[in-house]
Structures are given as C-alpha cells and as structure tokens.
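Good morning, and thank you for coming. Please take a moment to look at the sequence and the model before we begin.

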Amino acid sequence: MKKVSFFQSIHLKFVLVYVLLILIAMQIIGVYFSRQLENQFIENFQNSITDRMNLLSYSIEEAIAKIRDDEDPILEVEVSGILRGYSGGDILEVRVIDINKRIIGTSETDNQNVVGQITTDKDILQSMAFDVVQKAIYRDGDTGNRIWKIVQPIRIDGEVRGAIYLKADIESVFDQLQEINDIFANATVIALSISVILGILLAQAISRPITDMRRQALAMAKGNFSRKVKVYGLDEIGQLALTFNNLTKRLQEAQATTEGERRKLASVLAYMTDGVIATDRRGRIILINESAIGLLNVSRETALSQQITTLLGIEEKYTFEDLINEQESVILDYSTPHKPYILRANFSVIQKDSGIVNGLIAVLHDITEQEKIEMERREFVANVSHELRTPLTSMRSYLEALSDGAWKDEEIAPRFLEVTQTETERMIRLVNDLLQLSKMDSKDYRFQKEIVDFTIFFNRIIDRFDIIKEQHVTFTRELPSKTIFVEIDEDKMTQVLDNVISNALKYSPEGGNITFRLEEGSDEIQISVSDEGVGIPKDQINKIFDRFYRVDKARSRKFGGTGLGLAIAKEMVEAHGGKIWAESKDEVGTTIFITLPYEHTDEDDWA
Ligand code: ADP
C-alpha cells in the first residue's frame with residue numbers, strides 16, 4: 001500500500017483546521033474588538049473636547065452677551081484672553097466668529113492676523129445659517145494627520161450670534177488604536193504558532209495508533225497475525241486499538257480453523273480412493289485429486305482448465321448441462337480389447353441458496369473388478385444352466401422314448417437306462433463340484449492341515465491309479481526315496497492329484513506313458529504329472545484352470561468331465577499357498593506342475 005502523502009495527511013489537516021480556527025476567531029474578535037475600541041476611543045476623545053467646547057461656549061457667550069462700558073476690554077481682547085487657556089494639548093486651534101462671519105479671536109498666537117478677517121469656511125457658515133453643530137474628521141494637507149473639526153453656533157437667548165470653530169488632533173487616538181492592533185496581531189501570530197505546534201502534537205497523538213493499525217492491517221493481509229497495536233490510552237482511539245487487537249486475535253483463530261479445515265479436506269481428497277473432480281460453473285476443471293489423476297491417467301496440468309466432458313471423453317454424448325441434471329451415475333467404459341477398464345461417475349451440483357449453480361463435483365469409482373465379477377457371475381450361471389440342460393435334455397428324450405414303448409424292447413431299454421444313469425451320475429458330479437466350489441468361496445471354509453510325508457502320500461495315490469487304470473498306460477515314478485514332510489489337507493490334495501492324474505489318463509493314448517515327479521526345493525516342493533496325450537494349444541493353456549473351460553467339449557463330455565476339476569484344483573492348491581500351471585507342446589503331451597510351500601527339516605528333528 002502506498003504511503004500517505006503529506007498533503008493528504010491528518011497532520012496537515014489538523015494544523016490547517018487549528019490555524020483556520022484561530023485565524024477566524026482572532027479575526028472576528030479583532031474586528032469586533034478594534035471597532036468597539038475605536039468607537040469608544042473616538043467617543044471619549046470627542047466627549048472630552050465637546051466638554052471643553054461647551055465650557056468655552058459658555059464663556060464666549062457671556063463675553064458676547066455682556067453690555068460693555070468703557071472700562072471693559074473690547075470683545076476681541078476678552079475672547080483672545082479666554083481662548084488663550086484653550087490652546088495646547090489635543091486642541092490645535094479655536095476660533096470665534098461673530099454673526100458677521102468675522103473672526104473675532106483665535107487661540108493660535110502665531111496666527112493672530114486672521115482676527116478680523118471674514119471666514120469663508122462652509123461648515124461655519126452652515127452652522128450659523130442652520131443653527132446646527134457641524135462635526136467632521138479630515139486629513140491635514142500638510143502633516144497628513146487626522147483632524148477633528150467641530151463648529152458650534154453661539155446662541156444667546158435662542159438667537160445665533162456667532163460660532164466657535166475648533167480643530168483637535170485626533171491622530172493620537174488612531175495611534176493608540178494602531179498600537180492595540182499591533183499587539184493583537186502579535187498575539188495572533190503567537191497563538192497561531194502555538195496552535196500549529198499543538199495541532200502537530202495532537203495529529204501525532206491521533207495518527208500514531210492509526211498508523212500502527214494500518215501497519216498491522218498490512219501485516220495481517222500478508223498472513224502475519226503476531227503483531228499487536230500499542231494502546232496509548234483508553235480514549236476512543238485506545239478503545240479502537242483494543243478492538244483492533246481483539247479483531248486480530250479472532251481473525252487469527254478463524255484463519256487457523258479455516259486452514260485446519262482446508263488441510264483436513266485436502267488430506268481427505270488426497271487419500272481418498274475415489275477420484276474427485278470439481279468444476280466451476282462453466283464446467284471447467286478447478287480441482288482434481290491424485291486418485292482422479294491416476295484413474296484417468298492424465299497430468300494435473302492437462303486436466304486443469306479443461307472441460308469436464310472433454311476430460312472424461314463424453315463430450316459427444318453429454319453436455320455440461322446434461323451432467324448437472326444427471327440423476328443416475330454415468331458409466332465410463334475405457335476398456336480395450338485386451339484390458340477391461342470401467343469407471344462409474346456420480347455427479348452432484350454445487351448450488352447457492354438462491355439456486356444458482358456454482359459448479360459440479362464428480363466422484364469417480366473404479367468398478368472394473370465389480371463388473372468383471374458380475375460378468376463372471378453371469379457367465380457362470382449361463383454355464384451351469386447349459387451344463388445341466390444338456391444331460392437333462394438327453395435324459396428327457398431317452399425317457400420319452402422309453403415311455404413311448406421302448407421299455408418293452410429288451411435290447412434298447414437297458415442301453416437307454418444306462419445312458420440316463422450315466423447322465424444322472426454326471427449331473428451329480430457336476431452338482432457336487434459346484435457345491436465344492438461354493439463351499440470354498442465361502443469365507444468360513446477351513447482346511448484341516450497336517451504334516452504328511454509327501455513321498456508316501458504321492459506313491460499311495462499313484463498305486464491306486466495303477467490298480468484301477470483300464471488303459472495300457474505305463475507309469476514312471478521319479479520320486480525321491482527320502483521323506484519329505486509337507487503340511488497339507490490330505491483329502492483336498494488327494495482330490496487335486498486325482499483330478500490331474502485322471503485327466504492324464506483320460507487324454508493319454510493307448511500304450512502311452514505317464515511320468516510322476518517329485519522334487520524338493522529350498523522352500524517348496526514341485527510335483528509334476530506328464531502324459532503323452534493330445535496336448536493343449538498354447539493360447540488355451542492358461543484357460544484350462546477357468547471354470548467350465550474345456551479345450552474339446554465333446555471329448556470332455558465323453559469322459560464324463562464337468563470342466564470344473566482343474567478350477568477346483570487351482571483353488572485348493574492356492575489355498576495351500578502353492579501354484580498350479582500346465583505346459584504342453586502341441587500334440588506331444590501335457591505336464592501339469594504343482595508347487596507347495598515346504599520347510600526343509602532334518603530327519604533328526606522327527607526322530
Ligand atoms: P474336465 O472335467 O473336462 O476334465 P478339467 O477342469 O479337469 O475338466 O479340465 C479342463 C480341460 O483341460 C479339459 O476339458 C481338457 O480339455 C483340458 N485338459 C486337462 N488335462 C489335460 C491333459 N492331461 N491333456 C490334455 N488336455 C487336458
């Protein structure tokens with residue numbers, strides 16, 4: 001913020017106001033006072049002169065009115081005698097004029113030759129003619145001094161008999177007034193100087209806390225709340241400073257709360273697994289969290305200030321207004337032929353109380369897994385229905401044929417019944433397998449593991465198959481002679497190996513060989529069963545562990561397979577912490593590998 005210039009400062013304003021106040025006060029007082037004083041002085045002066053004039057008038061009237069005899073001096077001499085006492089002081093000259101306008105006496109000793117002359121003074125003539133007192137102030141031509149002139153008619157028995165003319169020097173009165181005015185002017189200058197100093201001091205006293213508050217407000221704007229305004233007193237400004245400090249504290253608390261909330265919100269947004277995108281009221285992205293960046297695989301820079309419809313790649317289907325009105329969630333399918341990738345977006349509108357839309361918030365959720373599971377479930381239901389329908393349809397046809405009379409045919413009837421029996425058994429197997437899978441899917445499914453010598457265990461299973469096998473297939477055992485203790489659920493592992501070995505037998509050609517291997521690693525054992533059968537095409541080799549997947553459906557069905565055997569085996573092996581996979585060279589046989597976790601122990605430990 002820029003500095004306050006001197007001409008805008010409170011200092012100048014205070015000093016100006018003070019000076020103007022004093023000046024106006026002094027002017028009003030001065031004018032009024034000097035005018036009063038002037039009037040008073042002039043009045044006093046005039047009164048004193050008039051008093052003396054009246055006295056003189058009385059003496060002159062007496063002299064004129066007197067009836068003279070020879071002993072009496074002539075009028076001029078007597079008047080001159082009277083006037084002598086009136087010269088000097090403020091009175092400059094007194095003249096007496098008789099009715100014939102003749103000057104009969106003057107107080108001025110050096111100017112006695114005017115006596116006897118006829119006066120031409122207008123004021124004297126008017127005064128005598130109209131019987132009025134004439135007064136006037138004029139400036140003396142020679143000295144420039146102000147002179148007060150008064151002409152008073154001499155009245156004897158109510159008749160004008162002459163006039164007295166008096167000139168007094170009134171300049172001294174004005175000199176006195178000038179002196180008083182000078183004193184007044186000096187007092188004004190002193191008062192002004194004092195008021196300038198007081199004005200500056202007062203302005204400082206007021207402006208210092210205000211400047212402090214201004215500085216603090218600037219610091220607060222920069223986020224510094226640690227400053228405090230100094231409180232100089234408890235007057236209104238002091239109260240303002242206290243309130244200001246209080247306000248600072250409150251603001252600091254409010255800012256801390258807001259900052260805390262902001263941080264909480266930021267960390268919630270950052271650590272949320274769902275993607276969050278916020279837009280302004282035009283649909284431009286103003287916020288995007290890490291999860292959304294990851295889900296959409298874009299950089300923050302590209303995302304920000306882009307339109308939300310563009311970012312989500314739905315600009316062809318939706319406008320921003322559509323999204324505002326969208327009640328349901330929108331499914332964003334970014335799947336490629338090789339990889340499914342599906343997001344669900346839910347939109348909520350940021351609205352003011354007035355209903356004006358301020359923006360939009362989109363929450364993105366990765367539902368690929370969910371969708372995959374849903375697809376698998378649908379596929380599974382379809383598979384199960386199909387697997388059950390096929391035997392049921394064939395059984396229905398056989399049963400229909402039997403009920404249509406085939407039962408009487410001794411040759412056909414037993415064959416038909418045998419088929420229905422086989423199909424029923426297959427269905428039972430299928431249902432059992434399904435039950436087994438569903439049991440394993442449930443969370444409470446428990447294995448009953450115990451330490452088993454795997455060499456003996458494996459040999460026993462191979463022995464069993466050796467006895468019951470119907471084909472001409474030779475068994476080759478590459479098993480170690482030593483004991484290998486592994487912790488397994490015997491029933492479940494028997495089921496796994498039964499399935500693998502029966503598959504090897506099923507797909508082995510007549511006269512083929514099946515090799516059983518058991519190898520001991522450092523932390524696992526590897527079991528493998530290799531046949532010399534049809535093999536499995538490369539692109540399907542991993543799919544044989546999927547539920548209901550069969551390379552050759554007809555062949556599998558012929559052997560009474562359900563397509564669930566390897567899927568169950570895989571789940572069981574993985575539940576043991578092991579792995580199962582297949583390797584095959586087309587047409588040259590298949591090897592199924594199984595690994596199981598194993599802890600190497602010396603035989604002594606069991607001794
Ligand atoms: P099935 O009941 O059909 O045998 P499995 O889950 O046990 O179901 O096997 C799945 C599919 O894997 C079989 O249908 C077959 O196509 C293939 N398969 C399994 N073992 C072998 C093998 N040893 N040789 C060739 N194909 C096999």
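Before I speak of the cavity, one term is needed: helices are DSSP runs of at least four residues, numbered from the N terminus. Please also keep in mind that this is a predicted model.

Let us start with the cavity. The search yields one cavity of 30 Å³ or more, and the volume of the largest cavity is about 30 Å³. Which residues line the largest cavity? They are Glu387, Pro391, Arg426, Met427, Leu430, Gly561 and Thr562. Two helices, H10 and H11 (412-441), each contribute at least two residues to this lining. The largest share comes from H11, with three residues. By character, the lining of the largest cavity is made up of three nonpolar, two polar and two charged residues.

Thr562 takes us from the cavity lining to the ligand. A backbone N or O atom of threonine 562 is found 2.9 Å from an oxygen atom of the ligand. Valine 551 also uses its backbone, with a polar atom 3.0 Å from an oxygen atom of the ligand. Asparagine 499, by contrast, uses its side chain, where an N or O atom is 3.4 Å from a ligand oxygen atom. In total there are 22 residues around the ligand, and those that come nearest are Asn503, Asp531, Arg550, Ser556 and Leu566.

I turn now to charge pairs. Side chains of opposite charge can pair when their charged atoms come close. How many salt bridges does a search of the whole structure find? The count is 30, and I shall discuss three of them in detail.

The pair I take up first is arginine 215 with aspartate 212, whose closest N and O atoms are 3.6 Å apart. Where do these partners sit in helix H4? They are three residues apart in that helix, which spans residues 171-221, and so about one helical turn separates them. Is aspartate 212 buried or exposed? Aspartate 212 has a relative accessible area of 15% and is therefore buried, since the cut-off for buried is under 20%. Arginine 215, at 44% relative accessibility, is partly exposed.

Next comes arginine 300, which forms a salt bridge with glutamate 290; here the closest N and O atoms are 2.8 Å apart. Arginine 300 belongs to helix H7 (residues 300-303) and glutamate 290 to helix H6 (residues 290-296), so this pair ties together parts that are 10 residues apart in sequence. Arginine 300 is partly exposed, at 30% relative accessible area, and glutamate 290 is partly exposed as well, at 48%.

The remaining pair brings us back to H10, one of the helices that supply the cavity lining. Arginine 378 forms a salt bridge with glutamate 374, with 3.4 Å between the closest N and O atoms. Both lie in helix H10 (residues 368-403), four residues apart, so they are separated by about one helical turn. Arginine 378 is partly exposed at 44% relative accessibility, and glutamate 374 is partly exposed with a relative accessible area of 27%.

Beyond these pairs, there is a network. Asp463, Asp466, Lys469 and Arg477 are joined into one network by salt bridges that share partners.

To close, I would ask you to return to threonine 562 in the model, as this residue lines the largest cavity and its backbone lies 2.9 Å from a ligand oxygen atom. Thank you for your attention.

Methods
Residues are numbered from 1 along each chain as its sequence is written. This is a predicted model: local features need pLDDT of at least 70, side-chain atom pairs count only at pLDDT 80 or more; totals for chains, interfaces and linings use all residues. Side-chain values use heavy atoms; hydrogens and water are left out. A salt bridge is a side-chain nitrogen of Lys or Arg within 4 Å of a carboxyl oxygen of Asp or Glu. Buried means under 20% relative accessible area, exposed over 50%, partly exposed in between (1.4 Å probe, protein chains only). On a 1 Å grid over the protein atoms alone, a cavity is a set of points where a 1.4 Å probe fits but cannot get out, and a pocket is an open set with protein on both sides within 12 Å along at least five of seven lines; lining residues have an atom within 4 Å of a point. Grid points are joined across faces, edges and corners, and a volume is the space filled by probe spheres set on the points. Ala, Val, Leu, Ile, Met, Phe, Trp, Tyr, Cys and Pro count as nonpolar, Asp, Glu, Lys and Arg as charged, and the others, Gly among them, as polar. A residue is near a molecule or strand if one of its heavy atoms lies within 4 Å of it. A polar contact is a pair of N or O atoms within 3.5 Å; within protein, one must be able to donate a hydrogen and the other to accept it, and residues adjacent in sequence count only if both atoms are side-chain atoms.
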